[in-house]
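Colleague: I would like to learn how to read a model like this one. Can we go feature by feature?

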Amino acid sequence: YWVDYMLNDTVNFYTVKHAFELYYGKDKQKEMIRELVSGKKEKEEDEMYALYKNWEYMTEPRIDAFGNRPTGEQLLSEYYKTLKSGVLQGKVKGAIPPAAPLPTWNFLGPINLPLEKAGQPNGTGRVAAIGFHPTKSNILYIGAPAGGLWISQDTGHTWKSNTDNLPSLGVSAIIVDYKNDSVMYIGTGDRDAGDAAGVGVMKSTDKATTWKLSNTGMGSLTVNKMLIHPTNNKVLLAATSAGIYKSINAGASWTLKSTNKRFTDMVFKPKHP
């Protein structure tokens with residue numbers, strides 16, 4: 001049950017850690033570390049251990065003095081405070097007029113690989129979602145668990161991102177409207193390890209240039225998978241950390257259509273949506 005605790009941002013960090021340590025125990029943890037350091041082929045249990053250690057490394061610096069983890073609502077609140085401060089001037093559509101000029105920074109280094117904590121190759125990251133343009137096969141989209149949305153215009157040879165200033169850098173679902181390719185939806189949050197909190201669905205109407213929240217009725221949930229109806233582009237489904245939601249108005253509002261449980265995947269039946 002430590003996995004469910006880990007993916008629920010309302011559960012205290014130390015509760016998750018205690019549940020994990022109860023499951024593995026000190027001797028078992030030592031064995032895992034030896035296997036990871038020796039480079040042995042990972043078993044499924046080894047991968048789960050590494051998953052937790054990545055999450056712990058990412059989460060612990062962000063908790064408060066009591067071990068509470070930042071929720072999506074808290075992150076949104078801080079995000080809007082930052083908008084008011086003017087730091088994101090010109091970066092987000094609809095941003096509140098800035099009170100101070102945008103600071104200018106130049107990168108000087110150093111360029112170091114991330115500190116390895118759980119046996120993964122240094123310098124690599126996960127891809128949580130892949131999206132495709134409905135008519136242009138050279139345009140691809142990927143979503144990172146904590147790195148935003150990336151777009152390639154040349155069949156994956158080069159990639160660009162302009163989502164660094166969104167309230168969540170987790171992208172676990174990508175939808176492009178097949179009737180209007182200017183319209184895109186992303187499901188926010190990290191569906192696998194909780195490295196980024198979810199703030200529900202975000203929508204772009206200008207080919208992913210700018211984004212707005214589209215989570216009315218859903219709130220700040222992690223969205224693990226999204227579907228668009230194949231003949232009615234106004235109908236959307238979202239599998240989230242709190243159930244399956246449906247929209248019949250292109251994401252303007254959402255209604256809970258399932259029991260209150262976490263869902264990570266769903267598909268339409270072929271030829272019978």
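Colleague: Start with the surface. How much area does the protein chain expose, and what share of it do carbon and sulfur atoms supply?

Modeller: Bear in mind that this is a predicted model. The protein chain exposes about 15,700 Å², and carbon and sulfur atoms supply 55% of that area.

Colleague: What percentage of the residues in the protein chain is buried?

Modeller: Buried residues account for 40% of the 273 residues. The chain holds four helices and eleven strands. Sequence separation is worth a look too. Take the contacts between residues at least 6 apart in sequence: 44% of them join residues at least 24 apart.

Colleague: Now the sheets. In what order do the strands of the open four-stranded sheet lie?

Modeller: The general idea comes first. Strands of a sheet pair through backbone hydrogen bonds, in a parallel or an antiparallel sense. Here the order is E4-E5-E6-E7, and the pairing is antiparallel. Strands E4 (171–176) and E7 (212–213) are the edges, each pairing on one side only.

Colleague: How many bridges join E4 to E5, and how many join E5 to E6?

Modeller: E4 and E5 are joined by five bridges. E5 (residues 184–188) and E6 (residues 201–204) pair over four bridges. Follow individual residues to fix the register. Val 171 stands opposite Thr 188 of E5. On the E6 side, Met 184 has Ser 204 as its bridge partner, and Ile 186 stands opposite Met 202.

Colleague: Why is E5 described as largely enclosed by the rest of the structure?

Modeller: Count its buried residues. Five of the five residues of E5 are buried, so the strand is largely enclosed by the rest of the structure. Then split them by direction. Met 184, Ile 186 and Thr 188 point one way, while Tyr 185 and Gly 187 point the other way. Residues pointing either way from E5 are buried.

Colleague: On to empty space. How much of it lies in the largest pocket, and which residues are closest to the pocket's centre?

Modeller: Rolling a probe the size of a water molecule over the atoms shows where empty space is left. In this model the largest pocket holds about 870 Å³. It is lined by 38 residues, and those closest to its centre are Pro 70, Leu 75, Ala 196, Ala 197 and Gly 198.

Colleague: Which elements give two or more residues to that lining?

Modeller: Helices H1 (2–6), H3 (44–59) and H4 (72–85) do. H4 gives the most, with four residues.

Colleague: How do the lining residues divide into nonpolar, polar and charged?

Modeller: The lining of the largest pocket has 17 nonpolar, twelve polar and nine charged residues.

How values were computed
Residues are numbered from 1 along each chain as its sequence is written. This is a predicted model: local features need pLDDT of at least 70, side-chain atom pairs count only at pLDDT 80 or more; totals for chains, interfaces and linings use all residues. Side-chain values use heavy atoms; hydrogens and water are left out. Two strands pair if DSSP finds at least two bridges between them. On a 1 Å grid over the protein atoms alone, a cavity is a set of points where a 1.4 Å probe fits but cannot get out, and a pocket is an open set with protein on both sides within 12 Å along at least five of seven lines; lining residues have an atom within 4 Å of a point. Grid points are joined across faces, edges and corners, and a volume is the space filled by probe spheres set on the points. Ala, Val, Leu, Ile, Met, Phe, Trp, Tyr, Cys and Pro count as nonpolar, Asp, Glu, Lys and Arg as charged, and the others, Gly among them, as polar. Buried means under 20% relative accessible area, exposed over 50%, partly exposed in between (1.4 Å probe, protein chains only). Contact means heavy atoms within 4.5 Å. Accessible areas come from the Shrake-Rupley method with a 1.4 Å probe; for residues, only the protein chains shown count as cover.
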